[in-house]
Amino acid sequence: MLTIFGFHTDDKLYTKHAQILTCSAKKFDINVYFHQVSKDDWQKIIAFKPKFIAKMRRELTGKILFVDADAIILQDIRPFFETIVEDIAVHYINGTRLISSTIFINDTPNAHLLMDEWERRQLQQPEVWDQIVLQELVDEWVENKKVTLNKLPPNYTFIFDTSRRTYGDAYEPIIEQLQASRDMRWLKKYKERSRFEQWYKKYPLLSKSTKKIANRHDVVNARTKQLGIDIKLSISDLLD
């Protein structure tokens, strides 16, 4: 039985996104486990993501799927993932660069070893992006036949705008990544502005960067409406 798992920080934005992801998974009767962590603690814990995923692989039984909290499940993914026999499955954008926002981890000895090794290597080089460390490890172990890999099609790690630009209309999203980090970058810059600049930054018609955030919210809200989930995002959520 497949279990989706992940973590989110305790701020309003990521908590809302985690609720959206949880609701979308439950629409298809998929088991979900999400862990909330303090935003301050998350920033202090070295190699948090690999440590958390390795820990969950040790504690959970069966096939598990890590999904970033700011994603949404648009179809029943169980038939696809439950047939995967390889140790790990991830998407390589354009076949070259691993994207770690969706990671399938089988309940196999080699998959357990792989996650433990990712944690170990990340702790040795905490300044390197965990996604890069994972790709170097997976590529090395696949070449040495220590682990088997299934390269996921784009549908299961579909970034709502950039994947469309990359692949055109060849794929439709099944697990869609909604990129909440863009809101956090916008909010950081907003707080650095003067009061006058903050005033016009609130309005999409006056600010290009705010329009991009509003467009992202429109995509999120269209998806939640599609699934009958009563959660919406707005610019005012960021400023409360």
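Visitor: Which way does helix 1 pass helix 10, in a left-handed or a right-handed crossing?

Guide: This is a predicted model, so to speak with its own ground rules: local features need pLDDT of at least 70, side-chain atom pairs count only at pLDDT 80 or more, and totals for chains, interfaces and linings use all residues. Residues are numbered from 1 along each chain as its sequence is written, and side-chain values use heavy atoms, leaving out hydrogens and water. Helices are DSSP runs of H or I (at least four residues), strands are runs of E (at least two), and both are numbered from the N terminus. A crossing is left-handed if the near helix is turned anticlockwise from the far one by less than a right angle, and right-handed if clockwise; for helix 1 passing helix 10, the crossing is left-handed.

Visitor: Which residues of helix 10 make that contact?

Guide: Contact means heavy atoms within 4.5 Å. Helix 1 brings Leu-13, His-17, Ile-20, Ser-24 and Lys-27. On the helix 10 side you'll find Arg-216, Val-220, Thr-224 and Leu-227.

Visitor: Is helix 1 roughly parallel or roughly antiparallel to helix 10?

Guide: The two pack at an angle of about 30°, with their axes 10 Å apart. Axes are lines fitted to C-alpha atoms, for helices over the stretch in contact, and angles run from 0 to 180 degrees between N-to-C directions. Under 35 degrees counts as roughly parallel, over 145 as roughly antiparallel, 65 to 115 as roughly perpendicular and the rest as oblique. That makes helix 1, relative to helix 10, roughly parallel.

Visitor: Which element gives the largest share of the largest nonpolar core?

Guide: A nonpolar core is a set of buried Ala, Val, Leu, Ile, Met, Phe, Trp, Tyr and Cys residues joined through side-chain atoms within 4.5 Å, with buried meaning under 20% relative accessible area, exposed over 50% and partly exposed in between (1.4 Å probe, protein chains only). The largest one has 32 residues, with Ile-4 and Ile-77 among those with the most contacts inside it. Helix 1 (12-27), strand 3 (64-67), strand 4 (71-73) and helix 10 (208-227) each give two or more residues. The largest share, 4 residues, comes from helix 1.

Visitor: Which are the edge strands of the sheet of 6 strands?

Guide: Strands pair if DSSP finds at least two bridges between them. This open sheet has mixed pairing and the order 2-1-3-6-5-7. Pairing on one side only, the edges are strand 2 (31-37) and strand 7 (149-151).

Visitor: What is the bridge partner of Ile-72 in strand 9?

Guide: Strand 4 and strand 9 (175-177) pair in the antiparallel sense over 3 bridges. Ile-72 is partnered there by Glu-176.
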